[in-house]
Amino acid sequence: LKMSWFWFYLPLHLLMAACLCHSIKAPTTSSQQSFKTDLFNFYHSLMLADGKETTVHLLKDIPKRYYFVLEEGRALAPFTITVTPCDVPIEWSILVHKASASFLGKAARGDHDTEEVSKSQKAPSMVSTIFNYKGNSVETYMGMSSHSALYMLEFLSTERDTHITVYLTTDTTSGQLYPELPVDPRIDVIGIGHTTVTLTWKHSPSVLQHRENIQYCLLVNEKHNYKSLCAAETAIRSSGMKLPPTLALSLSPYLLEPQQVMILSNSELSIINKASSGEVRQICMGTKNTYTVLNLSPSTQYYFDVFIVNLLTNASAAYTGTFARTLEEPEPKVTELKDGKVIQVVLDGKKQKFYSLQYQARHKKIQFTFQLCRGQVRVHITKNGKTVALENISGLRYFLLKGKLLDTYLVQLRSTEESNSSVKVQVSPHFHKPLFPLLPESLKIKSFSKLRTCNSVTIAWLGTQEESKYCVYKKRIEEDQVWMELRSADRCSGPESRHKSEKVLCKYFYDINLQRAVTTETIKGLDAGTLYLFDVYLFGPSGIPLRYHSKVVKTRKKC
């Protein structure tokens, strides 16, 4: 305790003397004036700036002290001190020294003999602790001061090296640095889904006064709530991620690290940090006080913190954080497959969910058939829990599998694109009676540029050794429709989906020699300089059509 008072008094008297000598004119020698100036400059670095936020770095178990006095001539005046821990809990206290009139008189006459200093050091009643706190919450002290009082703030971290911010102001009339919180600063959870949580909070009075300079920022993580914005920044950085300045509180552009994803939409800024401990999202949404967080994981607890931020100063205030657990994802519905029955499955590309099909074998050998209708699909087949097939399919794909009676097969389908995909599925033990016709080596349609005229186009396609029916269809399209027509084409749909006027002809052909299994057709009666989309449908014994890849050809403009 004696040492504590000693460390208070030693700089205290030197600082008081320096302040008084600097501010009060008194007759003195040049050497004395030089000493006082040097003394003042040395301790000036320990003075807290008024009206400015100061960042203080603390080393473990080493106290750090700052001082402040009021301007000369002020009587009783209010002041506030706000301390924001940016990591671990800290201890901090405010001590005040009220100098006696005799001491002030001596100081004014320049009389600083050691006896007087010694006398003051022996007056512990003149020094008192008016406030102390231990924790990691943002804490504000409000008090009244006089010009005859010198204050010391002492900070200590006993856990590890850390940093804090300290804000001192004696001007309580022109507004605070920090945005104002509402009377009820709680965040309310008003909706919970499998992957969404909807939050609302009461408006800050600062939003109503300075709407253009204020915005709300939301922090979402899976660990715990944060009591300040700088505490959140410190935690994210300590997880190995480099954070943009001030947690993306300004909409100015900046570079992101590879583990960060920035999303800008509808005047919102969202940054997603990928870490081993889970995702940390920061979303700034302007002055909206209701927000739905999307794309969360089912059955997961999330913590939500809202900060009201002054964009001009980057100062912020924290609402009382909350947490919520998303709903459990329902068990995926499993559809039973029956022998020989064809089903068509539409897969949602945005949700990236699996569609499950189950089949119990009644034969040792079975064949799965997949016909891709649209998009891209990944197929995963397991037999009694063990993977037997896993691949992305295109066109027509067969899987011939061997096993035992009553083996259970599970087929999981998923779209590998953001757009919806579609696929037809069949399982059958009668693999010697294929559902689809025998396929040629290629399903491409070829056109002959030299045979194009202003009103006709010649196309060719490959056939097979099996006599089959081929039907040709044409459709007039515009230049800007080409990509969409080719992209959205349903390769599983048959001629029944086409308009009767689009039909050109149907023909049968085959050739035992595959080298000669090719046919050509000249389509006449076309318009000059016009784009046409041509399709060929192949019909097998089962009557189910197979569509060749569409071909776009433009007739000549001049002949």
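This passage looks at a cavity and a small β-sheet in a predicted model.

Start with the empty space. The structure has just one cavity of 30 Å³ or more, and the space inside this largest cavity comes to about 80 Å³. Two elements each give two or more residues to its lining, namely β22 (365-374) and β34 (545-547). The full set of lining residues runs through Gln371, Leu372, Gly395, Leu396, Leu443, Arg491, Leu546, Arg547 and His549. Sorted by class, that lining breaks down into four nonpolar, three polar and two charged residues. Leu372, Leu396, Leu443 and Leu546 make up the nonpolar share, while Arg491 and Arg547 carry the charged label. That leaves Gln371, Gly395 and His549 for the polar class.

Now for the sheet, which is an open one. Three strands build it in the order β9-β10-β15, and the pairing is antiparallel. On the outside sit the edge strands, β9 (187-192) and β15 (290-293), each of which pairs on one side only. Going from one strand to the next, the twist averages 25°.

The pairing of β10 with β15 can be followed down to the residue level. Strand β10 covers residues 197-201 and runs antiparallel to β15, with four bridges between the two. Leucine 199 takes part in this pairing, and its bridge partner in β15 is tyrosine 291.

Definitions and conventions: Residues are numbered from 1 along each chain as its sequence is written. This is a predicted model: local features need pLDDT of at least 70, side-chain atom pairs count only at pLDDT 80 or more; totals for chains, interfaces and linings use all residues. Side-chain values use heavy atoms; hydrogens and water are left out. On a 1 Å grid over the protein atoms alone, a cavity is a set of points where a 1.4 Å probe fits but cannot get out, and a pocket is an open set with protein on both sides within 12 Å along at least five of seven lines; lining residues have an atom within 4 Å of a point. Grid points are joined across faces, edges and corners, and a volume is the space filled by probe spheres set on the points. Two strands pair if DSSP finds at least two bridges between them. Axes are lines fitted to C-alpha atoms, for helices over the stretch in contact, and angles run from 0 to 180 degrees between N-to-C directions.
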